[in-house]
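Work through the following exercises with the sequence and the 3D structure in view. Try each task before reading its solution.

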Amino acid sequence: MATNDPSHFLLEGLDASRREELGDLDAMTKRLASMQVPEPTQEEQSTLMRSLAANLIQTGRSRFGIKGWLRLILAQARLFEVEFWYACAAMMLFTLVTGALVGNGALSLFTLMVSPLVAMTGVLYIFHRDSSSLSALEAASPVGAYALFFCRSALILGINLAALPLLLIPGQMLFPQLAFWRVVVIGLGALVGLFGLATYTTVRWNGLMGTVIPLGIWGLLVGASWQSAVANSGNWSLATEWMVNTISVSNALLIEALLALLCGGWLLFQAARWVKKDIRSWA
Amino acid sequence: MVGVAQGMNDEALFEQVLSGNQQVLEELVTRYYGPLRGYFYRLVDGNLQDSEDLVQETFLRILRYKGKMPYSFRLWVYTLARNLAYDRFRSASYKHEQVGDKTDLIEERDEYPTIHGVDTYNRLPEAKVIERVSAEAVREELYRLPALQREVIIMRFYGEMKLEEIATITGCPLGTVKSRLFKGLQQYKKILEEVENGNE
């Protein structure tokens, strides 16, 4: 840096023609150099330090208790607008009607296949609608991305778990042979497995990967079981019953669900570690 | 710790500050208080109190930051400062003040900054006499430039920043920065000529 030749430094990087056009800038640089701002005094610096120190202590005390977590969850839950709840209820009703009441196997398989897509679209709708403002808020917020990540994960899983009995109770009534605990384990396996995969891929790479990879795997699983479902459904009307029976007796399915549960938990842990060192909270 | 802090680079200091280290914060304040105050003073409105407020706000944002560690703290902090300056430009109170009288002069002090390796205070005795009046006049002249051109000149001349660094801070292509610098200098030269002609 040409510190002793300010006019040279000022022009450095400009084209030769522009430098020529501007000509001699010595008078200008002398003029500019005469505009001085006094350096802060020791007293001013001490005053600033005192006001900042109070904030430094607050920053260090960023851990918050159960009340703080509950408040954060409540604040995040407010992001869910009424349309989201209507969409959830409509989806659940649709699943029940097509799967259990109408008994159309193909339709229930289709519902099964698209349900993660619908859920994901809902989540993206909520957290991406005003993503630039959300990002700005996150950056300025004393609550870090790590806390937001845990909060939102807990919220999504909590909503899904809370909705599970709404599906299980009518299912149990319609199919008494259904082993309740198996359904819970299998449901949780699929839920946590896919949720963990979607979260990790989104946090690690981007939203596109976080959508394509879990949905691709889900599609492959549904596609692989499609033939069995069709073979066992006869006239396309008994697939639901076959699925219920399979869930109730298949140990292989149970083990697979447990593995998916463990993998999903591990992926969530890895995603959380990634979030800790990054700015994103998968919003 | 203070001695250790002096040997640390800005990024390492920032990391320590975020973990709540007050002594390290003091070093960061020592490094950036003066340059930031000068930046705000020249860019925003030449009011020392406003500049102080903006400096404080900048440091508060630094302390509250929860994101990824910036690659260059200096560039990051000037980007932050620039955003705050533009928020100030847009504020109603700023617009209101521009209508009123602005005669805030720089108070006389013992310490003055070194610009481009030259101690600007201890220059020729006659220059010292007219210094306060001159600073105000330069400020008025600079304010006749569009803000985007003015900021490039300020960052370049007083901040001694490279054009690439200015491009990063302003989020503009390098060509745009060069163009703003050229137009700003061209315009400022005309303003100086007008001033000179007016004085004759």
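**Exercise 1.** Decide whether A137(B) is buried, partly exposed or exposed, and find the element in which A137(B) lies.

Solution. The model is a predicted one, and the relative accessible area of A137(B) comes to 24%. A residue counts as buried under 20% and as exposed over 50%, so A137(B), with its 24%, is partly exposed. In the next step we locate A137(B) in helix 8 of chain B, which covers residues 131-142. Finally, we can compare sequence with space: A137(B) and V195(B) are 58 residues apart in sequence, while their C-alpha atoms are 9.9 Å apart.

**Exercise 2.** Classify the ring pair formed by Y39(B) and Y78(B), and state which parts of chain B this pair ties together.

Solution. Over all chains, the structure holds nine aromatic pairs. In the pair of Y39(B) and Y78(B), the ring centres are 5.4 Å apart and the planes stand at 85°, so the pair is edge-to-face, given that planes over 60 degrees apart are classed in this way. The next step is to place the two residues: Y39(B) belongs to helix 3 (residues 22-45) of chain B and Y78(B) to helix 5 (residues 73-90) of chain B, so the pair ties together parts that lie 39 residues apart in sequence. As for their surroundings, Y39(B) and Y78(B) are both buried.

**Exercise 3.** Describe the geometry of the pair F73(B) and W76(B), and name the cluster of rings to which these residues belong.

Solution. The rings of F73(B) and W76(B) are 5.8 Å apart, centre to centre, and the angle between their planes is 40°, which makes this a tilted pair. Both residues lie in helix 5 of chain B, where they are three residues apart, or about one turn of the helix. Both F73(B) and W76(B) are buried. Widening the view, we find that ring pairs link F73(B) and W76(B) with F14(B), Y32(B) and Y65(B) into a cluster. One member of that cluster, Y65(B), is found in the loop between helix 4 (48-64) and helix 5 of chain B, and with a relative accessibility of 14% Y65(B) counts as buried. The C-alpha atom of Y65(B) is separated by 7.6 Å from that of L18(B), although the two residues are 47 residues apart along the chain.

**Exercise 4.** Describe how helix 2 of chain B packs against helix 5 of chain B, and sort the residues in their contact by class.

Solution. Two packed helices are described by the angle between their axes together with the distance between those axes. For helix 2 (residues 10-18) and helix 5 of chain B, the angle is about 65° and the axes are 8 Å apart. The residues that meet are D10(B), E11(B) and F14(B) from helix 2 of chain B, and F73(B), R74(B) and W76(B) from helix 5 of chain B. Sorted by class, this contact has three nonpolar, no polar and three charged residues.

**Exercise 5.** Which charged ends sit over the ring of Y143(B)?

Solution. The charged end of R139(B) sits over this ring at 5.1 Å from its centre. The charged end of R150(B) also sits over the ring of Y143(B), at 4.4 Å from the centre.

**Exercise 6.** Explain why helix 10 of chain B is described as largely enclosed by the rest of the structure, and examine the residues before and after this helix.

Solution. Helix 10 of chain B spans residues 163-170, and six of its eight residues are buried, so the helix is largely enclosed by the rest of the structure. The buried residues are L163(B), E165(B), I166(B), A167(B), I169(B) and T170(B). Before the helix, E160(B) occupies the loop between helix 9 (147-158) and helix 10 of chain B; its phi is near 50°, a positive value in a residue other than glycine. With 17% relative accessibility, E160(B) counts as buried. After helix 10 of chain B comes G171(B), which has a positive phi near 70°.

**Exercise 7.** Determine where T201(A) lies and what surrounds this residue.

Solution. Chain A has 13 helices and zero strands, and T201(A) lies in helix 10 (residues 180-204) of that chain. The relative accessible area of T201(A) is 3%, so the residue is buried. Its side chain reaches the backbone oxygen of A198(A) at 3.1 Å. When neighbours within four places in sequence are left aside, T201(A) is in contact with N206(A), M209(A), G210(A), I213(A) and P214(A).

Key. Residues are numbered from 1 along each chain as its sequence is written. Chains are lettered from A and ligands numbered from 1 in the order in which they are written. This is a predicted model: local features need pLDDT of at least 70, side-chain atom pairs count only at pLDDT 80 or more; totals for chains, interfaces and linings use all residues. Side-chain values use heavy atoms; hydrogens and water are left out. Rings of Phe, Tyr and Trp (its six-membered ring) pair if their centres lie within 6.5 Å; planes under 30 degrees apart count as stacked, over 60 as edge-to-face and the rest as tilted. Helices (H or I, at least four residues) and strands (E, at least two) are DSSP runs, numbered from the N terminus. Buried means under 20% relative accessible area, exposed over 50%, partly exposed in between (1.4 Å probe, protein chains only). A charge sits over a ring if NZ of Lys or CZ of Arg is within 6 Å of the ring centre and within 35 degrees of the ring normal. Axes are lines fitted to C-alpha atoms, for helices over the stretch in contact, and angles run from 0 to 180 degrees between N-to-C directions. Contact means heavy atoms within 4.5 Å. Ala, Val, Leu, Ile, Met, Phe, Trp, Tyr, Cys and Pro count as nonpolar, Asp, Glu, Lys and Arg as charged, and the others, Gly among them, as polar. A polar contact is a pair of N or O atoms within 3.5 Å; within protein, one must be able to donate a hydrogen and the other to accept it, and residues adjacent in sequence count only if both atoms are side-chain atoms.
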